[in-house]
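I set out these notebook entries for a reader who is new to the structure. The sequence and the model are shown here before my notes begin.

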Amino acid sequence: MARDQATIFSFRCFCFNIFFLSAFSSIWLFFWSQYAGLFDLQNQITLQHQNQFINILSFPSAWNHLSFPSGPLPKLLKIALFVKKWPQKHLAGGLERHALTLHLTLAKRGHELHIFTTSSLNSSFPSYPIDTLYFHLSKPTAAGYLDQAIVWKQFQSQNSTGKPFDVIHTESVGLMHTRSRNLTNLAVTWHGIAYESIHSDIIQELLRTPEEPVAYALTQRAMKVVEEVKFFPRYAHHVATSDHVGDVLKRIYMIPEERVHIILNGVDEEIFKPNAAKGKDFKKKLGIPHSKTLVLGIAGRLVKDKGHPLMFEALLQMLKENDSFKENVIVLVAGDGPWSDRYKGLGASVLVLGTLEPAQLASFYNAIDIFLNPTLRAQGLDHTLLEAMLSGKPLMATRLASITGSVIVGAEMGYTFSPTVASLKATLYRVWHDGRGVLKRKGQFARQRGLQLFTATKMAAAYERLFLCISSDGERRDSYCTYQSSFH
């Protein structure tokens, strides 16, 4: 009994220490985000005044801030991509959507893309009218991962056919670290690392009800971080999809700065853009009356770690306690998952739309006044936030490091809240009281930032330059790895 109490006490102390460190980190990130614009301006002035050449591999900020030539390339690359799963229609997570958007853009630019991924047993594999795009399919393992022995044989076969691959790209651990060592022309993009998940585990523990069993994820996660610190260096180059992860990879994972590159996610700017007519038609089809003064939008997987228990409880309380809110506000929920039926039970003020295809999702964004993302998952950079920004909508999201450090860096483009029902309700009431006029101005600011940083074109141009740099040697490497221009 005494031993069990000691174990529990030790675990609670561990949780307290982690929570303290996380809180300290959050405070630091808050002040960092407030002055991020000033720091960016100082970087811009420094580069412009000195007019110096810089080694782009050591550039400390997101490459999306830089401008790269968009004309014909002097060199077309043969690129190998390892990704666990390729998107099937509109059913895709953030990693898959990133792989699709980035590599289709690169293929359209003329690069030869060879994609090593798993085959699907439930549906036919998609086809694309692009001559430079090749898929090499294999049966997934029992756990759903790429069979490393099979894909490596496929890779070696293609590497010896024609010219060898100029660059190898893996989405997270699509290609395991046991195969990646000694490949100097390899880059891995991380869509979530264990250190980020510690914050999520703390939130989940704090939100746990007395009836739920105690989770020991924090202890396990700490060991996972240690494992990652050990094997991450086996990858030659690391791409962080948020400023926060870039900092963690350098400080906590101790990867040399010239091997860590921040390239923020991007989404298709030709699909996600303002279109008032589409938004009006979307609301008309749903039968939303003109009397509704505020349309809130939620999209994504309706699961626990995306914050839907929190959002559901906040809406439930607000609809019960405030008749005016109930009469004047409507919530559109795009997505599917366990919390779908619960949202439907909230009545006529909440419309559950199911999963939407990209074109429908674009209309959805144009129909809402503000986009809400209650995620508890502190990993990667959520594509829905970026889609809403490019559609000209302000954002309201959980105060997580990746979001406040890269996306909602100021009140000009939206709102953030702590992952508690009380904070979420207070922020929703503030949004309601601010009204459409304020939200429209915030949305315009959000779109401008989105166009500067979060388009598929910006993302692909940054990856293209990285791939050109790490695939070359001699004078060409100096040319591709050196940058001289204005900082945006």
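I looked up the surroundings of lysine 306 and found that it touches Arg301, Pro374, Thr375, Leu376 and Asp382, leaving aside residues up to four places away in sequence; contact here means heavy atoms within 4.5 Å. The model is predicted, so local features need pLDDT of at least 70 and side-chain atom pairs count only at pLDDT 80 or more, while totals for chains, interfaces and linings use all residues. Residues are numbered from 1 along each chain as its sequence is written, and side-chain values use heavy atoms, with hydrogens and water left out.

I placed lysine 306 in the loop between strand 9 and helix 10 (308-321). Helices (H or I, at least four residues) and strands (E, at least two) are DSSP runs, numbered from the N terminus. I then asked whether lysine 306 is buried or exposed. At 18% relative accessibility, lysine 306 counts as buried, because buried means under 20% relative accessible area, exposed over 50% and partly exposed in between (1.4 Å probe, protein chains only). Lysine 306 and asparagine 373 lie 67 residues apart in sequence, and their C-alpha atoms are 8.0 Å apart.

I next turned to the sheet. Its 6 strands run in the order 11-10-9-12-13-14, forming an open sheet with parallel pairing; two strands pair if DSSP finds at least two bridges between them. Strand 11 (350-354) and strand 14 (414-417) each have a single partner strand, so one side of each is left without a neighbour in the sheet. Neighbouring strands are turned by 20° against each other on average, direction ignored. Strand 10 (residues 329-334) pairs with strand 11 over 4 bridges, and valine 331 has valine 350 as its bridge partner.

I also recorded two helices that lie across this sheet. Helix 9 (residues 276-286) crosses strand 9 (294-299), strand 10 and strand 11, at about 105° to strand 11. Helix 16 (residues 421-453) lies across strands 9, 10, 12, 13 and 14, and runs at about 175° to strand 14. Axes are lines fitted to C-alpha atoms, for helices over the stretch in contact, and angles run from 0 to 180 degrees between N-to-C directions.

Lastly I searched the whole structure for disulfides (cysteine sulfur atoms within 2.5 Å) and found 1. Cysteine 469 and cysteine 481 form it, with their sulfur atoms 1.8 Å apart. Cysteine 469 sits in helix 17 (residues 456-471), and cysteine 481 in the loop between helix 18 (474-480) and strand 15 (482-483). Cysteine 469 is buried at 0% relative accessible area, and cysteine 481 counts as buried at 6%.
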